[in-house]
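Me: Please take a close look at a single part of this structure, beginning at the surface and then moving to the packing of the helices. I should like one connected account.

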Amino acid sequence: MSAPSSSIESTLVENRVFEPTAATVQAARVSGMAAYQALCDEADKDFEGFWARLARETLTWHKPFTKTLDSSNAPFYKWFEDGELNASYNCLDRHMGTPVENKTAIIFEADGGEVTKVTYKELLAKVSRFANALKARGVKKGDRVVIYMPMTVEGVVAMQACARIGATHSVVFGGFSAKALQERIQDAGAVAVITANYQLRGGKELPLKSIVDDGIAMGGCECIKNVIV
């Protein structure tokens with residue numbers, strides 16, 4: 001005999017409240033609901049001014065913006081269109097010389113359980129080296145780069161390095177086939193593929209570099225000038 005619907009529905013209701021620890025509250029960016037509500041009220045009152053304030057206070061601009069929002073061609077809105085910044089600089093460089101530089105930026109757990117921690121300062125060094133390597137191979141601002149990597153520290157370094165030199169990166173999941181990779185190389189018009197010899201998943205090796213080779217061998221990838229392992 002089936003249970004009454006009211007009994008079933010009662011299991012779908014969750015009224016418990018799990019309060020954060022005092023340490024979590026202390027470390028939070030927004031200290032409590034009152035502060036959060038104040039942000040919401042500020043945004044409701046003047047959303048352009050709200051986002052302009054946050055953009056100026058929390059980001060480093062190489063060329064400051066003078067116009068917050070251009071809605072003249074709605075729904076194709078443009079935010080901060082006359083400003084210029086670098087995403088990698090804002091992630092890394094701006095923290096150098098501050099206490100943040102020695103804080104952990106990445107915690108990576110390998111397939112075998114080994115844990116690696118990388119600080120912001122260490123990550124900047126890795127990204128700078130790889131950005132210079134990309135430039136040495138002719139990758140420049142405006143180029144498209146496909147990243148076919150495991151979810152590792154090196155994958156983050158590759159993305160940051162592309163952003164650093166102004167290249168657009170397209171991440172292709174490391175489990176995709178050679179055909180899927182070939183199609184994405186063609187669609188992006190990529191000049192380079194960044195990959196690894198293999199990735200480990202559940203103790204099994206997936207030969208990424210061989211898959212890249214097979215994808216390019218299918219043809220139509222003449223735009224590729226470098227495969228960087």
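**From a surface patch to two helices**

Reply: In this predicted model, Phe47, Trp51, Tyr77 and Trp79 make a nonpolar surface patch of about 450 Å². One of these residues, Phe47, belongs to helix 4, which covers residues 47-58. Phe47 has a relative accessibility of 43%. Buried means under 20% and exposed means over 50%, so Phe47, at 43%, counts as partly exposed.

The packing may be followed from helix 8, which comprises residues 178-188. Its buried residues are Ala178, Ala180, Leu181, Gln182 and Ile185. They pack against two strands, strand 5 (144-148) and strand 7 (192-195), and also against helix 9 (208-217). Just after helix 8 comes Gly189, with a positive phi of about 65°.

Helix 9, one of the elements packed against by the buried residues of helix 8, has buried residues of its own: Leu208, Ile211, Val212 and Gly215. These four lie on the same side of helix 9 because the arc they cover around the axis is only 105°. Their cover includes helix 8, together with strand 5 and strand 7. Strand 8 (199-201), strand 9 (204-206) and strand 10 (226-228) are also among the elements that cover them. Strand 5 and strand 7 thus appear in both settings, packed against by the buried residues of helix 8 and covering those of helix 9. Just after helix 9, Gly219 adopts a positive phi of about 100°.

Technical notes:
Residues numbered from 1 in each chain as written. Predicted model: local features only at pLDDT ≥ 70, side-chain atom pairs only at ≥ 80, totals over all residues. Heavy atoms only, no water. Patch = residues over 30% accessible without salt bridge, like charges linked within 9 Å, V, L, I, M, F, W, Y side chains within 5 Å. Areas by Shrake-Rupley, 256 points an atom, 1.4 Å probe, with all protein chains shown as cover. Salt bridge = Lys/Arg side-chain N within 4 Å of Asp/Glu carboxyl O. Buried < 20%, exposed > 50% of the residue type's maximum accessible area, 1.4 Å probe, protein only. Contact = heavy atoms within 4.5 Å. Arc of directions from axis to C-beta.
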